[in-house]
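Please look through the sequence and the model shown here before reading on. The report is meant for a reader who has not met this structure before.

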Amino acid sequence: MMFGFTIITCIRCTSDPQNRPSPLRKDTASIDGIAVLIEFSSPGVKGRDIFGDGSDYLVPYNELWRTGANHATFLSVKDEMFIDTISLDSGNYSIFTIPNKDEWTIIFNEEWNQWGSYNYKDTLDVIRLKVKPKYADQSQERMLFYFADDSLKFRWDRVRWAIPLTSRPSMLH
């Protein structure tokens, strides 16, 4: 087993994770020779208003979001990685976000094996960073995380953002 973790299953969900309303998805890559994996449940737009101000939106601005459905999305890294100059040690991390129209807060939390964000503790955050979202003309129906161009990329509805990952700190600072 490449990553050394246990796949989590939902007892009340269909037994096939791919046939759930928000199917289980994952992507793997080798970045600078370091194995990385992301696992997430992929909700669909389904004609809903996804991101915005207020309770009419599935994911309201300025509120903590598990960044997916069901269990918290998690990232597994097999050796130390860097996001710009910020070190992320080898291990498993849940990914939470606080979306906003002009800036998202991306959170890596050391409690990776949790349902939703109900037991989220900010004291277990290991990294908080800001990213500027981009907006596409076309909507992405299913939420998607994937690795490309040495980055972790996110797409859902019209929102896009990316976080560069490397095996050494950026020399830009």
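The text below goes from the chain as a whole to its strands, its aromatic pairs and its charged and polar contacts.

**The chain as a whole**

The structure is a predicted model, and its secondary structure comes to zero helices and 12 strands. Read from one end of the sequence to the other, the pattern is accordingly β-β-β-β-β-β-β-β-β-β-β-β. The chain has 173 residues, of which 49% are buried. Among the contacts in the chain with a separation of 6 or more, 55% are accounted for by residues 24 or more positions apart.

**The hairpin of E11 and E12**

Strand E11 covers residues 134–148 and pairs with E12 in the antiparallel sense, over eight bridges. The two strands form a hairpin with two residues between them, and in the turn Asp 149 has a positive phi of about 55°. Strand E12, which runs over residues 151–164, is largely enclosed by the rest of the structure, because 10 of its 14 residues are buried.

Within this hairpin, Lys 153 of E12 stands opposite Tyr 146. The side chain of Lys 153 also meets that of Asp 149 in a salt bridge, with 3.1 Å from N to O. The two partners of this bridge differ in their surroundings: Lys 153 is buried, since its relative accessible area of 18% is under the cut-off of 20%, whereas Asp 149 is exposed, with a relative accessible area of 65%. The turn residue with the positive phi is therefore also the exposed partner in this salt bridge.

**Aromatic pairs**

The count of aromatic pairs comes to 14. In one of them, the ring centres of Phe 51 and Trp 104 are 5.3 Å apart and the planes stand at 65°, so the pair is edge-to-face. This pair links distant parts of the chain, as Phe 51 belongs to strand E3 (residues 51–52) and Trp 104 to strand E9 (residues 104–109), 53 residues apart. Phe 51 counts as buried at 12% relative accessibility, and Trp 104 is buried as well, with a relative accessible area of 1%.

A further pair is formed by Phe 74 and Trp 112, which is tilted, with 4.7 Å from centre to centre and 55° between the planes. Here too distant parts of the chain are linked: Phe 74 is in strand E5 (residues 69–77), while Trp 112 is in the loop between E9 and strand E10, the two being 38 residues apart. Phe 74 is buried, with a relative accessible area of 2%, and Trp 112 counts as buried at 18% relative accessibility.

Phe 51 and Trp 104 also belong to one aromatic cluster, whose other members are Phe 40, Trp 65, Phe 145, Phe 154, Trp 156 and Trp 161. A charged side chain meets a ring elsewhere, where Lys 101 lies over the face of Tyr 135, at 5.6 Å from the ring centre.

**Salt bridges and a polar contact**

The salt bridges in the model number five, and three of them are set out in the table.

| Salt bridge | N to O distance |
|---|---|
| Lys 130 and Glu 103 | 3.9 Å |
| Asp 125 and Arg 128 | 2.9 Å |
| Lys 153 and Asp 149 | 3.1 Å |

How many residues apart in sequence are the parts that Lys 130 and Glu 103 tie together? Lys 130 lies in strand E10 and Glu 103 in the loop between strand E8 and E9, so the pair ties together parts that are 27 residues apart. Lys 130 counts as exposed at 53% relative accessibility, and Glu 103 as partly exposed at 31%. Both residues take part in a network of salt bridges that also includes Lys 132.

In the bridge of Asp 125 and Arg 128, Asp 125 is buried, with a relative accessible area of 18%, while Arg 128 is partly exposed, with a relative accessible area of 44%.

A contact between uncharged polar side chains can be followed as well. Asn 92, found in strand E8, is buried, with a relative accessible area of 18%. The side chain of Asn 92 is joined to that of Ser 76 by a polar contact of 2.7 Å.

Technical notes. Residues are numbered from 1 along each chain as its sequence is written. This is a predicted model: local features need pLDDT of at least 70, side-chain atom pairs count only at pLDDT 80 or more; totals for chains, interfaces and linings use all residues. Side-chain values use heavy atoms; hydrogens and water are left out. Rings of Phe, Tyr and Trp (its six-membered ring) pair if their centres lie within 6.5 Å; planes under 30 degrees apart count as stacked, over 60 as edge-to-face and the rest as tilted. Helices (H or I, at least four residues) and strands (E, at least two) are DSSP runs, numbered from the N terminus. Buried means under 20% relative accessible area, exposed over 50%, partly exposed in between (1.4 Å probe, protein chains only). A charge sits over a ring if NZ of Lys or CZ of Arg is within 6 Å of the ring centre and within 35 degrees of the ring normal. A salt bridge is a side-chain nitrogen of Lys or Arg within 4 Å of a carboxyl oxygen of Asp or Glu. Two strands pair if DSSP finds at least two bridges between them. A polar contact is a pair of N or O atoms within 3.5 Å; within protein, one must be able to donate a hydrogen and the other to accept it, and residues adjacent in sequence count only if both atoms are side-chain atoms. Contact means heavy atoms within 4.5 Å.
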